[in-house]
Amino acid sequence: MTKLLNVSAFFLAIVLGSATATEAQVSAKDIASRLSELQQDGSSYIRLRLNVNEPPGTRKTALQVQIQQRRTPSATDVIYQILWPKERQGESILLKKRGNQAATGTHFVPPDTTKPLSSQNMKDSLFGSDLAYADLIDNFYAWNSQTLVGEEMIGKVNCQILESKPGKGQSSIYTSVRSWVDTDRMVPLRVEKFVSSGKPARRMETTRVTKESNGQHIPANMTVQDLRKNSLTELEGSRLNTRVNYQDQDFTVEALKDIKKSKPADTELAQ
């Protein structure tokens, strides 16, 4: 549910099917650059419902979660906090990433249990869901290698398939990521993430897209499937506030112990 995605540059990408490899590479980098800019566009507050189904179709866990995030080209800070159910209220994850350095963080469980998170923990699950910590902090559109590898219909939308690979010094639990991008709305409708075996580990599908007042389209609902096990997580966005101004102190271990609810500028994500 991050803020994803000069439309003329992307229309150019659509007609590059017979272009040279160099031209296609430039177009892929243009798409990735725009996606990266929109993902790193300032601060936001998000509230969503997170449903974990294992096996798919069977409810295992339902959580209401709030997200506070501050994203820039040089740094990313995010906090995920459980609001409901009551017995897990306040359980929180703080993640930080600076440039190409490995991400670090803290897991907090009330009333006073904290566990430091290192780069080795980025493969761990968020609150028992099919999301890994790396999925919350990685910006794979900023990776060095960006290539168009084809196109495919997702529903009734013709998508460009963008393959992203980390370069030297860019650490991730994934070796590559493929995004099926709706270039009209600049929204990835499908994302598959691959590990060292060459097999996809996770598949993310956008199931609802909403339009902000500024005309930007964003994924509001998504599913995340861990392809190595029989489980599915649904993310249903309900509120978004992009008019927030977070400070450094909002992303500290002490901040994890204080649940700051939504502010008046929140808007519901339109159905």
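The exercises below, each with a worked solution, concern a predicted model.

**Exercise 1. Aspartate 135 and its partners**

Find the salt bridges that the side chain of aspartate 135 makes with lysine 193 and arginine 202, and work out which parts of the chain they link.

Solution. Begin with lysine 193, whose side chain meets that of aspartate 135 in a salt bridge with an N to O distance of 2.8 Å. This pair links distant parts of the chain, since lysine 193 belongs to strand β10 and aspartate 135 to helix α3, 58 residues apart. Next take arginine 202, which meets aspartate 135 in a salt bridge at 3.5 Å, N to O. Because arginine 202 lies in strand β11 (residues 200–211) and aspartate 135 in helix α3, this pair ties together parts that are 67 residues apart in sequence. Finally, consider accessibility, where buried means under 20% relative accessible area. Lysine 193 is buried at 2%, arginine 202 is buried at 5%, and aspartate 135 is buried at 13%.

**Exercise 2. A salt bridge between two strands**

Determine which strands are tied together by the salt bridge of arginine 178 and glutamate 163, and decide for each residue whether it is buried or partly exposed.

Solution. The side chains of arginine 178 and glutamate 163 meet in a salt bridge with an N to O distance of 3.0 Å. Arginine 178 lies in strand β9 and glutamate 163 in strand β8 (residues 157–165), so the pair ties together parts that are 15 residues apart in sequence. For the accessibility step, arginine 178 has a relative accessible area of 28% and is partly exposed, whereas glutamate 163, with 14%, is buried. To place this pair in a wider setting, note that the count of salt bridges comes to 15, and that salt bridges with shared partners join Arg70, Asp77, Lys96, Arg98 and Asp248 into one network.

**Exercise 3. Aromatic rings**

Classify the ring pair of phenylalanine 140 and tyrosine 141 as stacked, edge-to-face or tilted.

Solution. The count of aromatic pairs comes to three. In the pair of phenylalanine 140 and tyrosine 141, the ring centres are 4.5 Å apart and the planes stand at 55 degrees, so the pair is tilted. The cut-offs behind this step are that planes under 30 degrees apart count as stacked and planes over 60 as edge-to-face. Phenylalanine 140 and tyrosine 141 are both buried, and together with Trp143 they form one aromatic cluster. A ring elsewhere in the chain, that of tryptophan 180, has the charged end of arginine 190 sitting over it, 5.4 Å from the ring centre.

**Exercise 4. Backbone details in loops**

Locate the cis peptide bonds that lead into proline 85 and proline 111, and then the positive phi values of phenylalanine 127 and methionine 186.

Solution. A cis peptide bond, with omega about 10 degrees, joins tryptophan 84 to proline 85, and proline 85 has its place in the loop between β3 (75–84) and β4 (92–98). Another cis peptide bond, also with omega about 10 degrees, joins proline 110 to proline 111, the latter being in the loop between β5 (104–109) and β6 (113–117).

Turning to phi, phenylalanine 127 has a positive value near 55 degrees although the residue is not glycine; phenylalanine 127 lies in the loop between β6 and α3 (133–137) and is buried at 6% relative accessible area. Methionine 186 likewise has a positive phi, near 60 degrees. This methionine 186 is found in the loop between β9 (176–182) and β10 (187–194), and at 5% relative accessibility methionine 186 counts as buried.

Definitions and conventions
Residues are numbered from 1 along each chain as its sequence is written. This is a predicted model: local features need pLDDT of at least 70, side-chain atom pairs count only at pLDDT 80 or more; totals for chains, interfaces and linings use all residues. Side-chain values use heavy atoms; hydrogens and water are left out. Rings of Phe, Tyr and Trp (its six-membered ring) pair if their centres lie within 6.5 Å; planes under 30 degrees apart count as stacked, over 60 as edge-to-face and the rest as tilted. Buried means under 20% relative accessible area, exposed over 50%, partly exposed in between (1.4 Å probe, protein chains only). A charge sits over a ring if NZ of Lys or CZ of Arg is within 6 Å of the ring centre and within 35 degrees of the ring normal. Helices (H or I, at least four residues) and strands (E, at least two) are DSSP runs, numbered from the N terminus. A salt bridge is a side-chain nitrogen of Lys or Arg within 4 Å of a carboxyl oxygen of Asp or Glu.
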